[in-house]
Amino acid sequence: MALLGYARVSTQGQDLEPQLRALRAAGCTAIFEEKASGTSRARPELARLLDRLRRGDTLVVVRIDRLARSLAHLLQVIERIREAGAHFRSLGDPIDTAGPSGMLVLQIMGAIAQFERALIVERTKAGLAAARASGRVGGNPGLRARDPAVLGKLATARERTRLADLLPGADEWLGTVRRLRPATSWEDVTQAVNAALPPDRRRFTRDRLVRAVRLFVQEELAEPALLEGAARRPRRDPRARRAMELAASFLRGRPKATLAEVGAELARMGVQPRSGGPWAASSVKALLDRARGAGLLGEGHGQRRQRTTSPEARRPRGTPSA
């Protein structure tokens, strides 16, 4: 049973030290530090802390507003804590979910904190409107100037937002990826992941799933081995598939047909080999071999050789040559 602390400030310029001192004084054996806005959904350190919680542990914060961005988010985090069999404590508020009245006080304090944030947002909007009315342009000057450093920070922020979107439902797909990768191709893994997802969840494309796993590996939430040996399923040419099916169908109806007759039938139906010329006996045989491998033909089909029509072949046995 461990006390795990969580300290957060909104900007890089703010100091975490006061929170760290309070958490150490409370007996926290490990403290997870985060610099992220209270409204940001990207909280990788909070995600790591929630994953680490075990039955009997307690998540400790200095104040309740350090943990969640809204009452809904607060209750969602508390539910995660309860599912792990752990508890929550706020040092600056009379909140300890280990006691019977803890959840009631928690919801009341969360609602008050959300109301205070709403007032701050309204005052900020009023200030921006007054600035625009006086001719002052808001926004990030570096972003307007396409500063590479600012654009890089923006890309990082977008990645963290994507991570925050993926984290709540990670248990529904990451386990399937870990079970199948890297031995299984990404196409097959994507199908397996989508089949296991609840009906109301957004389905993955192959590329979106790979990006999600790569992001989790980058944040050390998944093993790098998942990205190794990313085998691709070979793309099948639909024309080759159709030629194989037609050849197999013709041969099933005429088991004694020669390779030349199969090739002639394909040509009559407008199906040509990749070379664009007539069907050679070797090409027809390769086509039938693939059909047999795909289960379209039995072992006895497609084994006859090309019938020859040379004079030597037509000469009766025992007749001397000229």
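P18 is partly exposed, with a relative accessible area of 44%; the class covers values between buried (under 20% relative accessible area) and exposed (over 50%), computed with a 1.4 Å probe on protein chains only. P18 belongs to helix 1, residues 17-25, where helices are DSSP runs of H or I with at least four residues, numbered from the N terminus. Between the C-alpha atoms of P18 and A7, which are 11 residues apart along the chain, the separation is 9.4 Å.

The model is a predicted one, in which local features need pLDDT of at least 70 and side-chain atom pairs count only at pLDDT 80 or more, while totals for chains, interfaces and linings use all residues. Residues are numbered from 1 along each chain as its sequence is written, and side-chain values use heavy atoms, with hydrogens and water left out.

The next topic is the empty space in the model. Rolling a probe the size of a water molecule over the atoms shows where such space is left. The largest pocket has a volume of about 690 Å³. A pocket here is an open set of points on a 1 Å grid over the protein atoms alone, where a 1.4 Å probe fits, with protein on both sides within 12 Å along at least five of seven lines; lining residues have an atom within 4 Å of a point. The volume is the space filled by probe spheres set on the points, which are joined across faces, edges and corners. The lining comprises 23 residues, and A47, L50, R80, L167 and P168 are the closest to the pocket centre.

At least two lining residues come from each of helix 2 (44-52), helix 3 (71-83), helix 6 (148-166) and helix 7 (174-180). Helix 3 gives the most, with 5 residues. Domain 1 (3-108) and domain 2 (169-227) each contribute at least three residues to this lining, with bounds taken from an automatic or database domain assignment. By character, the lining has 11 nonpolar, 3 polar and 9 charged residues; Ala, Val, Leu, Ile, Met, Phe, Trp, Tyr, Cys and Pro count as nonpolar, Asp, Glu, Lys and Arg as charged, and the others, Gly among them, as polar. L50, one of the residues closest to the pocket centre, is found in helix 2 and is buried, at 11% relative accessible area. From L50 to I78 the C-alpha distance is 9.9 Å, across 28 residues of sequence.

Aromatic contacts come next. There are 2 aromatic pairs, counted when the ring centres of Phe, Tyr or Trp (its six-membered ring) lie within 6.5 Å; planes over 60 degrees apart are edge-to-face, under 30 stacked, and the rest tilted. W173 and F216 form an edge-to-face pair, 5.3 Å centre to centre with 65 degrees between the planes. W173 lies in the loop between helix 6 and helix 7 and F216 in helix 9 (residues 206-218), so the pair ties together parts that are 43 residues apart in sequence. Both W173 and F216 are buried, and together with F204 they form one aromatic cluster.

F204 also has a charged partner: R208 lies over its face, 4.3 Å from the ring centre. A charge sits over a ring if NZ of Lys or CZ of Arg is within 6 Å of the ring centre and within 35 degrees of the ring normal. The charged end of R181 likewise sits over the ring of W186, 4.2 Å from its centre.

R181 also precedes a cis peptide bond, to P182, with omega near 0 degrees.
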